[in-house]
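Colleague: I would like a close look at a single part of this model. Please begin with the overall layout, then work down to individual side chains.

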Amino acid sequence: MPKSKDDRSNGMKILNTPRVIKVRTNSTGNPTAIYMPSSAQLRSNGKWVNVIKVENLWKVNDEWWRGADEEISRLYYVLRIDSGQQITMFLDLITNKWHRQSG
C-alpha cells in the first residue's frame, strides 16, 4: 500500500494532523487575519480574526534528501490573535498552503 506524503510514521497513526486554513497576508507575506472555523476552544464562531502580533517565526527544511515528493519546507509562525490567544501555524513553502498546527 503506498504511503501518503504526510505518512512518515511507518504505519503509526499521526496525531494532531495540521489543518488547512485561510489566511490574509500583508505585502511582505506575513499573516494579518485568519479565518477560524467555529470552535469553543478558540472562542470563535466561524469568522476572520485579526493577528495582533507575530511572536515567533522560524523556517524548517527537512527530509530534502528524500526528493521533491517528500521534502518538508515550512515557515512557522506563533501568533497572538485579537482574542488574546496564541496559535501556531505554518506556510507550506512547497504547496503554498497555510496550516494550523494542532496541539
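**Into the barrel**

Modeller: From the N terminus on, the elements of the chain run β-β-β-β-β-β. That is six strands and zero helices. The model is predicted, so confidence comes up early. Mean pLDDT for the chain is 82, with 77% of residues at 70 or more. Residues 1-6 fall below 50 in pLDDT, and this stretch has seven contacts in the model beyond near neighbours in sequence.

The part to look at is the barrel. Its six strands close in the order β1-β2-β3-β4-β5-β6, with antiparallel pairing. From one strand to the next, the twist averages 45 degrees.

Start at β1, residues 19-25, which pairs with β2, residues 31-36, over four antiparallel bridges. The two strands form a hairpin with five residues between them. G29 sits in that turn and has a positive phi of about 90 degrees. On the way across, R24 has A33 of β2 as its bridge partner. A33 in turn has N50 of β3 as a bridge partner. So R24, A33 and N50 can be followed from one strand to another, by the bridge criterion used for pairing. β2 and β3 run antiparallel and are joined by four bridges.

Now go the other way from β1. It pairs with β6, residues 97-100, in the antiparallel sense over three bridges. Here I21 stands opposite W98 of β6.

I21 and W98 also lead into the core. The largest nonpolar core has 13 residues. Those touching the most other members are I21, I34, L79, I87, M89 and W98. Two or more core residues come from each of β1, β2, β3 (47-62), β4 and β5.

I34 is a good residue to zoom in on. Set aside its neighbours within four places in sequence. I34 is then in contact with I21, K22, K47, W48, V49, V51, L79, I81, I87 and M89. Four of the residues that touch the most other core members are in that list: I21, L79, I87 and M89.

Next, move to β4 and β5. These strands span residues 72-81 and 86-92, with Q85 in the loop between them. Is Q85 buried or exposed? Its relative accessible area is 15%, under the 20% cut-off, so Q85 counts as buried. Its side chain makes a polar contact of 3.2 Å with the side chain of S83.

F90 lies in β5. With a relative accessible area of 1%, F90 is buried. Outside its neighbours within four places in sequence, F90 is in contact with P18, R74, L75, Y76, K97, W98, H99 and Q101. W98 in that list is the residue facing I21 across the β1 and β6 pairing.

S73 lies in β4. Along the chain, S73 and F90 are 17 residues apart, and their C-alpha atoms are separated by 9.9 Å. S73 is buried as well, with a relative accessible area of 9%. Its side chain reaches that of N61 in a polar contact of 2.7 Å. N61 is also among the residues that S73 touches, not counting those up to four places away in sequence. The others are K59, V60, L91, D92, L93 and I94.

Two chain-wide figures frame this picture. Buried residues make up 29% of the 103 in the chain. Take contacts between residues at least 6 apart in sequence: 38% of them join residues at least 24 apart.

To retrace the route on the structure, follow the β1 and β2 hairpin, then cross to β6 at I21 and W98. From there, step into the core at I34. Finish at the buried residues F90 and S73.

Terms used. Residues numbered from 1 in each chain as written. Predicted model: local features only at pLDDT ≥ 70, side-chain atom pairs only at ≥ 80, totals over all residues. Heavy atoms only, no water. Axes fitted to C-alpha atoms, helices over the stretch in contact; angles between N-to-C directions. pLDDT = per-residue confidence, 0-100. Contact = heavy atoms within 4.5 Å. Buried < 20%, exposed > 50% of the residue type's maximum accessible area, 1.4 Å probe, protein only. Polar contact = N/O pair within 3.5 Å; in protein donor to acceptor, adjacent residues only side chain to side chain. Core = buried A, V, L, I, M, F, W, Y, C linked by side-chain atoms within 4.5 Å.
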